[in-house]
Amino acid sequence: MPELLQISQLGHPVLRKKAKLVKNIADKELQRLIDDMIATVIDANGAGIAAPQVYQSHRVFIISSSPSSRYPDDPEIAPMAVINPKIVSHGKEIESEWEGCLSIPGIRGLTPRWKKIKVTYSTRDGKKVSVNYENFLARVFQHELDHLDGMVFLDRLASNKDICTEKEYQKIVSKRKAKSKKV
Ligand code: ZN
């Protein structure tokens with residue numbers, strides 16, 4: 001049975017370290033870690049979690065996506081492991097959206113990211129994948145990849161004025177929904 005893992009919080013040095021490449025994907029401990037991370041991200045209701053967020057400095061993260069009222073075009077992707085990821089190329093367009101992080105509770109930031117990226121990574125079966133992501137999935141991928149390089153979304157903000165509390169963020173989101181209904 002997978003176990004729920006403790007989530008590291010901003011200030012712990014593991015979140016500021018460059019994570020190590022995974023050499024042996026078939027390794028039992030790595031496979032166990034992936035199962036535990038999937039259980040942990042589902043339990044936390046997150047869209048992704050990176051190994052440093054569970055105190056493991058390896059280049060692996062979990063990503064998941066499902067369509068929502070705000071992003072009806074987002075694909076349905078069950079939580080999956082992304083190992084040794086790289087961004088190969090990206091489009092020119094940058095988009096800012098609110099992000100949160102399981103390691104930075106209570107805080108949101110209007111974070112600029114590439115809208116479209118081409119990435120490579122290995123699956124947990126050791127298969128090499130090359131794929132294009134856009135919008136929400138591209139955003140989650142960039143957020144999680146940053147964790148493997150010791151960065152958090154706060155490092156990407158254009159200004160401290162783009163930070164808000166969860167409570168204020170909820171107000172912004174509900175205002176936005178009201179606005180879109182009027183159209
Ligand atoms: Zn995060």
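A residue is taken as buried when its relative accessible area is under 20%. In the predicted model described here, Phe141 has a relative accessible area of 0% and is therefore buried. Phe61 is likewise buried, also with a value of 0%. The description below starts from the sheet, passes to the helices and the aromatic residues, and ends with the zinc site and the cysteines.

Five strands make up an open sheet, in the order S1-S2-S3-S6-S7, with antiparallel pairing. Its edges are formed by strand S1 (48-50) and by S7, each of which pairs on one side only. From one strand to the next the twist averages 40 degrees. At the S7 edge, strand S6 (residues 116-122) and strand S7 (residues 128-134) are joined in the antiparallel sense by seven bridges. The two strands form a hairpin, with five residues between them. Within the turn, Gly126 adopts a positive phi of about 85 degrees. Along the hairpin, Lys118 is placed opposite Asn132 in S7, and Thr120 is placed opposite Ser130 in S7. In a regular strand, side chains alternate between the two faces of the sheet.

Two helices lie across strands of this sheet. Helix H1 (residues 28-43) lies across S1, S2 and strand S3 (77-90), and the angle between H1 and S2 is about 40 degrees. Helix H2 lies across S1, S2, S3, S6 and S7, and runs at about 160 degrees to S2.

Positive phi values also occur at two asparagines. Asn84, which is not a glycine, has a positive phi of about 50 degrees; Asn84 belongs to strand S3. For Asn135 the phi is near 55 degrees, again positive in a residue other than glycine. Asn135 is placed in helix H2. With a relative accessibility of 27%, Asn135 counts as partly exposed, since the partly exposed class lies between the limits of 20% and 50%.

Aromatic rings were treated as paired when their centres lie within 6.5 Å, and by this rule there are four aromatic pairs. In one of them, the ring centres of Phe61 and Phe141 are 5.2 Å apart and the ring planes stand at 85 degrees, so the pair is edge-to-face. Phe61 lies in strand S2 (residues 60-65) and Phe141 in helix H2, so this pair ties together parts that are 80 residues apart in sequence. Phe141 also pairs with Tyr133: their ring centres are 5.7 Å apart and their planes are at 50 degrees, so the geometry is tilted. Tyr133 and Phe141 are both buried. One aromatic cluster is formed by Phe61, Tyr121, Tyr133 and Phe141.

Helix H2 also contributes to the zinc site, through His143. The protein donors of the zinc ion are the SG atom of Cys101 and the NE2 atoms of His143 and His147, at 2.0 to 2.3 Å from the ion. The spacing of these donor residues in sequence is C-x41-H-x3-H. Cys101 is located in the loop between strand S4 (94-99) and strand S5 (107-114), whereas His143 is located in helix H2 (residues 135-148), so the pair ties together parts that are 42 residues apart in sequence. Cys101 has a relative accessible area of 11% and is buried. The value for His143 is 8%, and His143 is therefore buried too.

The structure contains zero disulfides. For Cys164, the closest cysteine sulfur is that of Cys101, at 15 Å, which is too far for a bond, given that a disulfide requires the sulfur atoms to be within 2.5 Å. Cys164 has a relative accessibility of 11% and therefore counts as buried.

Methods:
Residues numbered from 1 in each chain as written. Predicted model: local features only at pLDDT ≥ 70, side-chain atom pairs only at ≥ 80, totals over all residues. Heavy atoms only, no water. Donors = N, O, S within 2.8 Å, 3.2 Å for Na, K, Ca; no water. Helix = DSSP H or I, 4+ residues; strand = E, 2+ residues; numbered from the N terminus. Buried < 20%, exposed > 50% of the residue type's maximum accessible area, 1.4 Å probe, protein only. Pairing = 2+ DSSP bridges. Phe/Tyr/Trp six-rings, centres within 6.5 Å; stacked < 30°, edge-to-face > 60°. Axes fitted to C-alpha atoms, helices over the stretch in contact; angles between N-to-C directions. Contact = heavy atoms within 4.5 Å.
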